[in-house]
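The exercises below ask the reader to work through cavities, aromatic contacts and overall form in a single structure, each with a solution that proceeds step by step. Please look at the sequence and the model before reading the solutions.

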Amino acid sequence: MKKKTWEKVTAVAAAVLLTVSMAGCGANEKKEQSGNGDTITIEFAEHVANIEEQEPHMMKIIEAFEKEHPNIKIDITGKEVSEHNKQMTLLADENKLPDIFWLEQAPAKEFAQNGYLYDMTEALDEYGINENLLPGLVNSCIVDEKDFGLPSEVMMAGFFYNKALFEEAGIEEAPETYEEFTEAVNKLKDAGIVPLTVGAQDNYSIWAFETMLARYGFFDKLEGLNDGSVSWNNEDFIHYFEKVEEMRDNKTFTENIANMGYFEAKEQFLGGQAAMFNSGAWDIGDFEASDIAQNIGFFWGPTFSDSEYPQQIGIKASGGVYVVSAKAAEDKELLDAIMQFWQFYYGEEGTKIIAEDTAALPCSQYEGEVNVEEHPVLATMIQALNDDWEAVREPFNSLSSTVAYGYFDATFGVMTGVYTPEEAADYVEDLHSAER
């Protein structure tokens, strides 16, 4: 696998800060708003139910943008991700999509192929957006050599852990190998601590396990999975599902996993009632606002000695994408306003808000200081982003929505005892074979 190029962060322990470099706008000056002075309203649909709490950076950026562009208004609404996805599909069928909206990569590519999205290839260069993005996030949603999406976040996923609970159980450092992971789980159980909280009711919340699948050769097998020369019921993937089954049998997961969702699992972790939580960089804000912020660590998940594929890999890529509807692009003044907003969002002003005001990982190159004492989780994630583990994308984004969610269901099916490893593999294979 080819290692992605990322802007590196320099950790200066003595100064307790982290720095990265910022690319300026260069020759691409901001465009003046076109139009006759009338207010232009941009309809924006997000994938979170409570935007103020879950994506505070977005609200702050919109406020700053509207102040600078008084005759452009952003009308933003949000729904929980599964509801959002269903609504976008329905609106696409009715030709009533909002002007800009969030999509997971697989449906975004399907929307692009169906003609629902605006091809931003030229606009991203014209408005100077690509030159500001982190190198690994340029060209985040390519279909037929055309660019249809902008990165909504730096997709980093793995296991967060409570250092205090690890210490209480006698665990000195985060595990790296599967054997070390199992040993840590056993120590946590002996100390009366729930090892890992997971919410099976939200089947998308399986990010760290996707990295585990990648360690069993997912990307090497992807072409064969798509053309049918490789089945999901192969030796490596069976080993993956067997490891999940072993975790279940070893009581690694929350006892009531089948009755919990992602948010309940996060609440359990932040309440100090579980030692580990499978999540990603999008939760930095919630983690830093919690009582255990100073005790939260991160690791990429266990490596496996029974796999011949690269093990020191981590998901460090673009997650979902922001897209522009083809219908909105038909209105040139509206399209110009939309691109001005993205120019602001990914430019110096928006990036500074993301990094400094809301302590999130920006998708653009950034030069500034992050105080480790004030933002310990952000600092931890920046260090992980720039470690020497190879960067891979999320397997979910390489599959159709049907197959991807089928894989999620299969993994949770093994976690909850509904499927054996072979049954789980066959379930996903049946879904994938139907699309070949």
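**Exercise 1.** Determine how the lining of the second largest cavity divides into nonpolar, polar and charged residues, and state where this lining comes from.

*Solution.* In this predicted model, the lining of the second largest cavity divides by class into four nonpolar and four polar residues, with no charged residues. The residues concerned are Thr197, Val198, Gly199, Ser205, Tyr262, Ala265, Phe277 and Asn278. Turning to the elements behind them, α11 and β11 (274-280) are those that give two or more residues to this lining. The space in the second largest cavity is about 30 Å³, and the count of cavities of 30 Å³ or more comes to two.

**Exercise 2.** Describe the largest pocket by its volume, its lining and the elements that supply the lining.

*Solution.* The volume comes to about 900 Å³. The lining consists of 44 residues, and those that lie nearest the centre of the pocket are His47, Val48, Glu55, Glu153 and Trp282. Sorted by class, 23 residues of this lining are nonpolar, 11 are polar and 10 are charged. Several elements supply at least two lining residues each, among them the helices α1 (51-54), α2 (56-68) and α14 (332-346), as well as the strand β9 (154-162). Helices α8 (207-214) and α11 (262-270) also belong to this group.

**Exercise 3.** Classify the aromatic pair of Trp207 and Tyr262, and place the pair in the chain.

*Solution.* Across the whole structure, a search finds 45 aromatic pairs. For Trp207 and Tyr262, the ring centres lie 5.4 Å apart and the planes meet at 75°, so the pair counts as edge-to-face. The two residues belong to distant parts of the chain, since Trp207 sits in helix α8 and Tyr262 in helix α11, 55 residues apart. Both partners are then checked for burial, for which the cut-off is under 20% relative accessible area: Trp207, at 9%, is buried, and Tyr262, at 5%, is buried as well.

A second pair, Phe269 with Phe277, is stacked, with 5.8 Å from centre to centre and 25° between the planes; these two residues are likewise buried. The final step is to join the pairs, whereupon Trp207, Tyr262, Phe269 and Phe277 turn out to be members of one aromatic cluster, which also includes Phe160, Trp282 and Trp300.

**Exercise 4.** Which residue lies over the face of Tyr178, and at what distance from the ring centre?

*Solution.* The residue is Lys243, at 5.5 Å from the centre of the Tyr178 ring.

**Exercise 5.** Find the surroundings of Asn95 and Lys251, whose phi angles are positive although neither residue is a glycine.

*Solution.* Asn95 has a phi of about 55° and is found in the loop between α3 (81-93) and β5 (100-103). With a relative accessibility of 51%, Asn95 counts as exposed. Lys251 has a phi near 55° and is found in the loop between α10 (235-249) and α11, where its relative accessibility of 61% makes it exposed.

**Exercise 6.** Decide whether the radius of gyration of the protein agrees or disagrees with that of a compact globule.

*Solution.* For 436 residues, a compact globule would have a radius of gyration near 22 Å, and the protein has 22 Å, so the two agree. The C-alpha trace spans about 70 × 55 × 40 Å along its principal axes, and 58% of the residues count as buried. The secondary structure comes to 18 helices and 16 strands.

Definitions and conventions
Residues numbered from 1 in each chain as written. Predicted model: local features only at pLDDT ≥ 70, side-chain atom pairs only at ≥ 80, totals over all residues. Heavy atoms only, no water. 1 Å grid on protein atoms, 1.4 Å probe; cavity = no way out; pocket = protein on both sides within 12 Å on 5 of 7 lines; lining within 4 Å. Points joined across faces, edges and corners; volume = space filled by probe spheres on them. Helix = DSSP H or I, 4+ residues; strand = E, 2+ residues; numbered from the N terminus. Nonpolar A, V, L, I, M, F, W, Y, C, P; charged D, E, K, R; others polar. Phe/Tyr/Trp six-rings, centres within 6.5 Å; stacked < 30°, edge-to-face > 60°. Buried < 20%, exposed > 50% of the residue type's maximum accessible area, 1.4 Å probe, protein only. Lys NZ or Arg CZ within 6 Å of the ring centre and 35° of its normal. Rg over C-alpha atoms; globule rule 2.2 N^0.38 Å.
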